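Colleague: I am new to this structure and would be grateful for a close look at one part of it. Could you begin with how helices pack, and then follow a strand and its neighbours?

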Amino acid sequence: MKRGKRDNLFQRGGSWNVDIIIDGQRIRRSFGKDKRAAEAVLHDLEKKRTLGLLGCIDGIESMKPRTKKQGITFAEMCEKFIELRQDCKQITLSAYARVINRNLLPAFGKMRLDQVTHEGISRFRAKLLAQGSSRRTRTEEDGRVKNEFKALKPSTVNTMLGVLKNILDEAVRTGDLENNPFRRVRGSRVERRENKPLSLEQVHNIIEHCDEVFKPMLTFLAYTGCRPCEAYALKWKQIDFDKGEILIDSGRVYGIEGTPKTKAGRRIIPMLPPVRAALRLLKEQRLVVEMGRHVFLTRKGQPINENTALYRAWTSALKNAGLPRRRPYELRHSFASNMLAAGMPIPFISRMIGHANPATTFAYYAGDVEALRPQYASKMADLLAEASKSAG
């Protein structure tokens, strides 16, 4: 008889066996050559014995080894999930793969699907919220890169759990799982992130203090309201200097390009004077401009694949301009808020930033206009004072 690492799991005659005593009753069962099934059942029995949830030997009947189809592992189900979702955008599939490889497989990869319980998912969620993850950050003092521990945001955790839910839903549809345990798991409550709009003067100040390499891109983001991923994907062939228009028809995320976030994201926007000047200058600085090449590049002349380069340039510009820290995405919010505060028609603003419904634009940015109200109220007072002098 060859004993395993635990006294309750051993091999005899080529078969793996479980031998455990619960509430004074001895439970013995053979699982043939399926060591994984024996380990799984033993794990469940030990847990139930610890918690005092098993009162009789009949409990073992519910833990009989599953059929081969029912015994599919979570890792195998993830592969099947990706195969069945090939009709999704490549950007979406890449996002799924990142969550699966970085977060889900380390936690559930070796388990059979029937071992993924609502209790295990709840513990996984609590662990993510409490422990977060290690990230590489650059210190402000000496600029060195170090690993820094940062807790994950509830919205990020919900995104990860959303992928897990989709995988388990697919397992139910394919018959690999009877019920989805995720239905009994609570999601994390997420409060809407408060926008921090910038005035036109602040936007101009930030651009003036930005690194020369990234100044054209910040100018583009500030006066078009485009998403950063749309700027990363922008090519020279999409820019028409004669008509003064820019075609936005793609986005670039982690080096993968695809259609915009929504159908309304494909749009033609007017080229405002600051954007035209920045793009003209950038084109003149390039020794060779191929129409199929990307407009905004890294210092090494490569297309931008992630937000790191933009974030560093943005953070440095904010510091030099003496402004508090905020996200680069606030340039998009600021563009919409300033246009709304200036009295531009909401349908026009909605079209510019790629919203499908103008009501969404107003609902999302009406509060930002209130934040900018004191500055515009002061300007309005100055305009009225000038008008009074002219009339007099």
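Modeller: An axis here is a line fitted to C-alpha atoms, for a helix over the stretch in contact, and an angle between two axes is taken between their N-to-C directions, from 0 to 180 degrees. The model is a predicted one. In it, helix α2, residues 74–84, packs against helix α3, residues 90–108, at an angle of about 175 degrees. The two axes lie 11 Å apart. Angles over 145 degrees count as roughly antiparallel, and α2 is therefore roughly antiparallel to α3. From α2, the residues that make the contact are F74, A75, C78, F81 and I82. Helix α3 contributes L93, Y96, I100, L104, L105 and F108. By class, the contact of α2 with α3 consists of 11 nonpolar residues, with no polar and no charged ones.

The strand to follow is β8, residues 245–248, whose side chains alternate between two faces. I246 and I248 point to one face and are buried, whereas E245 and L247 point to the other and are not buried. One partner of β8 is strand β7, residues 239–240, which runs antiparallel to β8 and is joined to it by two bridges. Within this pairing, I239 stands opposite I246, one of the buried residues of β8. The two strands form a hairpin with four residues between them, and G244 in the turn has a positive phi of about 70 degrees. Strand β8 also pairs with strand β11, residues 267–270, in the antiparallel sense over four bridges. There, L247 of β8 stands opposite I268 of β11.

Terms used
Residues numbered from 1 in each chain as written. Predicted model: local features only at pLDDT ≥ 70, side-chain atom pairs only at ≥ 80, totals over all residues. Heavy atoms only, no water. Parallel < 35°, antiparallel > 145°, perpendicular 65-115°, else oblique. Contact = heavy atoms within 4.5 Å. Nonpolar A, V, L, I, M, F, W, Y, C, P; charged D, E, K, R; others polar. Buried < 20%, exposed > 50% of the residue type's maximum accessible area, 1.4 Å probe, protein only. Pairing = 2+ DSSP bridges.
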